[in-house]
Amino acid sequence: AIGAEPRELDPQLQGTFDEMCVSLALFEGLTAIDERTSLPVPAAAERWETTADGLRWTFHLRPDLRWSDGSPLTATDFAWSLQRALSPALASEYAYVLHPIRGAQAFNAGTLPAGETTGIRVLDPLTLELALERPTPHLAAILALPVAFPIPRALLEKLGATGEARRWTRPEHFVGNGPFTLTAWAPNRQIALRRNPHFHEPAKLAAIVFYPFEQATAQEAAFRTGQLHLTSELPAARIADYRANNPALLRLDPFLETNFLRFNTTRPPLDDARVRRALTLAIDRRALVEKVALAGQQPATGLLSPELPGYTPPTGVAFDPD
């Protein structure tokens with residue numbers, strides 16, 4: 001189950017977690033995130049190295065990478081795709097995560113001076129070099145995001161000649177480089193994938209079918225009655241029952257997400273910072289996570305997760321209703 005019907009299967013235009021779940025099966029980036037450690041690991045790139053100053057990264061692709069149609073996949077495909085993700089015309093929501101690349105932010109904003117280029121360079125068919133504006137130790141994790149996935153340029157250019165370029169992710173056209181390839185997409189019903197025979201590592205599953213469910217209660221009911229093998233959303237009211245009666249079916253994982261209130265500071269009384277602070281102090285975060293959310297969430301005192309390595313959450317926002 002996924003939480004909603006995807007608006008896009010083009011990974012560089014996606015903005016939601018559910019859309020990205022589908023992309024992770026259809027595409028593969030230079031790197032991937034290891035599920036057990038949350039650290040970046042080799043994917044399409046078998047290895048990489050950085051210079052001592054952290055400003056130049058060199059990625060070495062696996063030999064004989066192929067698209068799902070059997071055509072070769074090279075460093076040029078990754079370079080072109082990163083440039084596409086940054087192009088102002090595409091207006092990718094996640095393009096900003098690539099801004100550490102030299103010249104990327106200016107290119108994305110349409111202000112790169114004439115004659116200058118970004119720090120994306122192909123050294124040979126299996127080697128991609130990225131020069132950065134500033135040291136970015138987490139670049140390998142950034143490149144695991146769908147916005148950095150390779151896009152089949154030849155297909156887009158071919159379809160562009162017939163006015164079909166925006167439909168390249170439809171099953172009749174689709175070409176990807178992930179462990180699965182697209183076979184059917186019935187909006188608001190299902191998205192069907194089958195194993196990609198050209199992927200460098202044989203998939204353990206023969207197929208995946210994604211079903212969109214916007215309500216967590218409907219997901220859980222479909223799972224309980226055997227219509228789904230896996231669901232990623234569970235109503236808070238059902239967590240205690242699974243913990244007590246079906247603990248083997250329940251898995252609780254950390255999720256890098258922060259919930260917060262957004263104030264309209266142009267409207268009284270929210271235009272007064274003292275009022276906003278009073279509302280902030282009146283929220284019992286611990287009671288919310290322990291009595292309402294019920295899935296092991298933690299109280300947040302800032303936008304970043306308190307579990308991020310090397311990060312100390314801000315203080316001064318303790319529960320104080322008075």
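This section describes the overall make-up, nonpolar core, first helix and aromatic contacts of a predicted model.

The protein contains nine helices and nine strands. Along the principal axes, its C-alpha atoms occupy a box of roughly 65 × 50 × 40 Å. Of the 322 residues in the protein, 39% are buried. Among contacts with a separation of 6 or more, 51% are between residues 24 or more positions apart. The exposed area of the protein is about 18,500 Å², of which carbon and sulfur atoms supply 55%. The charged side chains number 31 positive and 36 negative, and the centres of these two sets lie 2 Å apart.

In soluble globular proteins, nonpolar side chains tend to be buried together. In the present model, the largest nonpolar core comprises 52 residues, and the members touching the most others are Leu98, Leu128, Leu130 and Leu193. Helix 2 (residues 75-86) gives the largest share of this core, with six residues. When residues up to four places away in sequence are not counted, Leu98 touches Leu82, Ala85 and Leu86, together with Ala104, Ile142, Leu143 and Ala148.

Helix 1 (residues 17-26) is largely enclosed by the rest of the structure, because seven of its 10 residues are buried. The buried positions in helix 1 are Asp18, Glu19, Met20, Val22, Ser23, Ala25 and Leu26. These buried residues of helix 1 pack against three strands, namely strand 7 (180-186), strand 8 (190-195) and strand 9 (207-210).

Ser23 is located in helix 1. Its relative accessibility is 0%, so Ser23 counts as buried. Apart from residues up to four places away in sequence, Ser23 touches Leu9, Pro11, Gln14, Pro146 and Phe149.

Phe210 belongs to strand 9, against which the buried residues of helix 1 pack. Phe210 has a relative accessible area of 11%; residues under 20% count as buried, and Phe210 is therefore buried. Outside its neighbours within four places in sequence, Phe210 is in contact with Cys21 and Val22, and also with Ile2, Arg189, Gln190, Ile191 and Leu193. Of these contacts, Val22 is among the buried residues of helix 1, and Leu193 is one of the core residues that touch the most other members. A separation of 37 Å is found between the C-alpha atoms of Phe210 and Asn264, which are 54 residues apart along the chain.

The count of aromatic pairs comes to eight. One of them, formed by Phe27 and Phe174, is edge-to-face, with 5.5 Å centre to centre and 75° between the planes. This pair links distant parts of the chain, its two residues being 147 residues apart. Phe27 lies in the loop between helix 1 and strand 1 (31-33), whereas Phe174 lies in the loop between helix 5 (153-160) and strand 7. Phe27 and Phe174 are both buried. Together with Phe149 and Trp168, these two residues form one aromatic cluster. Phe149, a member of this cluster, is also one of the residues touched by Ser23 of helix 1.

How values were computed
Residues numbered from 1 in each chain as written. Predicted model: local features only at pLDDT ≥ 70, side-chain atom pairs only at ≥ 80, totals over all residues. Heavy atoms only, no water. Helix = DSSP H or I, 4+ residues; strand = E, 2+ residues; numbered from the N terminus. Buried < 20%, exposed > 50% of the residue type's maximum accessible area, 1.4 Å probe, protein only. Contact = heavy atoms within 4.5 Å. Areas by Shrake-Rupley, 256 points an atom, 1.4 Å probe, with all protein chains shown as cover. Lys, Arg positive; Asp, Glu negative; His and termini not counted. Charge placed at Lys NZ, Arg CZ, Asp CG, Glu CD. Core = buried A, V, L, I, M, F, W, Y, C linked by side-chain atoms within 4.5 Å. Phe/Tyr/Trp six-rings, centres within 6.5 Å; stacked < 30°, edge-to-face > 60°.
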